[in-house]
Amino acid sequence: MEHLKDALLEQFGLVFEDSSLLETAFTHTSYANEHRLLKISHNERLEFLGDAVLQLIISEYLYKKYPKKPEGDLSKLRSMIVREESLAGFARDCQFDQFIKLGRGEEKSGGRNRDTILGDLFEAFLGALLLDKDVETVKDFIYQVMIPKVEAGDFEQVTDYKTKLQELLQVNGDVEIVYQVTDETGPAHAKNFAVAVLINGQKAGQGQGRSKKLAEQEAAKDAFEKESHKCF
């Protein structure tokens with residue numbers, strides 16, 4: 001964790017008073033489960049807290065930034081900013097993926113690069129920062145890491161892969177596209193869904209997400225990329 005502390009100080013000028021909060025934020029459930037005898041805490045509770053403070057700060061920012069936008073438009077923009085894929089991107093920007101503690105199985109299966117894990121990690125870090133400091137410190141961090149990309153317009157347009165997949169496949173006639181939930185894990189406040197997309201009964205892609213809709217989009221993206229390659 002010393003390398004993480006050095007990185008936080010160098011990049012963001014942050015020093016945690018309670019190192020245990022920081023360690024918990026970067027501990028995935030898979031690591032805690034593999035070391036049960038040590039009674040190590042994992043980051044799900046901090047993730048719950050971080051999600052709440054993130055929603056509040058982004059909502060306040062959008063409310064002030066766009067005084068003429070209706071509630072529906074503000075909600076859509078907020079959902080684009082705080083969605084799993086976006087938060088995973090911010091975690092990578094901060095190089096958080098280098099420091100998360102994963103169980104051996106999760107590590108081998110590519111968990112260090114999984115959007116679900118990295119998005120949760122980013123929220124857990126915000127929760128830890130809130131407890132160790134205050135809301136203003138969390139706000140300063142978000143404004144430093146997230147807001148520049150928001151103001152650059154990175155989240156105004158989000159690709160709808162379900163529509164793109166349907167358009168690609170139906171050029172040559174009707175096809176049957178079905179999305180199936182194949183797995184559902186995690187506590188009620190932080191569920192993770194695995195979804196497979198079937199094209200005419202054959203599995204064509206898979207994805208994961210914190211909601212069925214997000215998982216379906218990831219599955220559609222996987223299938224779209226595979227099907228696109230077949231066309232060239």
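By class, two nonpolar, nine polar and seven charged residues make up the lining of the second largest pocket in this predicted model. The space in this pocket comes to about 320 Å³. Of its 18 lining residues, the closest to the centre are His 28, Thr 29, Ile 117, Thr 185 and Asn 192. Three elements each give two or more residues to the lining: α3, which spans 29-34, α4, which spans 44-65, and α8, which spans 115-132. Helix α8 supplies the largest share, three residues.

Helix α8 is a useful place to continue. Thr 116 lies in this helix. Is Thr 116 buried or exposed? Its relative accessibility is 7%, so it counts as buried, since the cut-off for a buried residue is under 20%. Which residues does Thr 116 touch, once its neighbours within four places in sequence are left aside? They are Glu 84, Asn 192, Gln 208 and Gly 209. Two of these contacts can be described further. The side chain of Thr 116 makes a polar contact of 3.3 Å with the side chain of Glu 84. Another polar contact, of 3.4 Å, joins the side chains of Thr 116 and Asn 192. Asn 192 is also one of the residues closest to the centre of the second largest pocket.

The next topic is charge. Side chains of opposite charge can pair when their charged atoms come close. How many salt bridges does the model have? The count comes to 15, and a few of them are described here.

One salt bridge pairs Arg 92 with Asp 115, and the closest N and O atoms of the two are 2.8 Å apart. This pair links distant parts of the chain, with Arg 92 in helix α6 (residues 84-93) and Asp 115 in helix α8, 23 residues apart. The two partners can be compared by their accessibility. Arg 92 counts as partly exposed because its relative accessibility is 32%. Asp 115 has a relative accessible area of 17%, so it is buried. Elsewhere, Glu 17, Asp 132 and Lys 133 are joined into one network by salt bridges that share partners.

Another salt bridge lies within a single helix. Lys 5 pairs with Glu 2, with the closest N and O atoms 3.4 Å apart. Both residues belong to helix α1, which covers residues 2-12, and they are three residues apart, about one turn of the helix. Lys 5 has a relative accessible area of 26%, so it is partly exposed. Glu 2 is exposed, because its relative accessible area is 52% and the cut-off for exposed is over 50%.

A further salt bridge joins Glu 85 and Arg 83, whose closest N and O atoms are 3.5 Å apart. Glu 85 is partly exposed, with a relative accessible area of 29%.

The backbone also deserves a look. Most residues other than glycine have a negative phi, and most peptide bonds are trans. Lys 39 has a positive phi, near 55°, and is a residue other than glycine. Where is Lys 39 found? Lys 39 sits in the loop between α3 and α4. Its relative accessibility is 75%, so Lys 39 counts as exposed.

Gln 95 is not a glycine either, and its phi is positive at about 65°. This residue has its place in the loop between α6 and α7, the latter being residues 104-108. Gln 95 counts as partly exposed, because its relative accessibility is 35%.

Cys 94 is found in the loop between α6 and α7 as well. Is Cys 94 buried or exposed? With a relative accessible area of 3%, Cys 94 is buried. Which residues are in contact with Cys 94, leaving aside its neighbours within four places in sequence? The list is Gln 11, Phe 12, Phe 122, Phe 141 and Val 145. Two of these partners can be placed in helices already met: Phe 12 falls within α1, residues 2-12, and Phe 122 falls within α8, residues 115-132. For a sense of distance, the C-alpha atoms of Cys 94 and Val 178 are separated by 37 Å, and the two residues are 84 residues apart along the chain.

Methods:
Residues are numbered from 1 along each chain as its sequence is written. This is a predicted model: local features need pLDDT of at least 70, side-chain atom pairs count only at pLDDT 80 or more; totals for chains, interfaces and linings use all residues. Side-chain values use heavy atoms; hydrogens and water are left out. On a 1 Å grid over the protein atoms alone, a cavity is a set of points where a 1.4 Å probe fits but cannot get out, and a pocket is an open set with protein on both sides within 12 Å along at least five of seven lines; lining residues have an atom within 4 Å of a point. Grid points are joined across faces, edges and corners, and a volume is the space filled by probe spheres set on the points. Helices (H or I, at least four residues) and strands (E, at least two) are DSSP runs, numbered from the N terminus. Ala, Val, Leu, Ile, Met, Phe, Trp, Tyr, Cys and Pro count as nonpolar, Asp, Glu, Lys and Arg as charged, and the others, Gly among them, as polar. Buried means under 20% relative accessible area, exposed over 50%, partly exposed in between (1.4 Å probe, protein chains only). A polar contact is a pair of N or O atoms within 3.5 Å; within protein, one must be able to donate a hydrogen and the other to accept it, and residues adjacent in sequence count only if both atoms are side-chain atoms. Contact means heavy atoms within 4.5 Å. A salt bridge is a side-chain nitrogen of Lys or Arg within 4 Å of a carboxyl oxygen of Asp or Glu.
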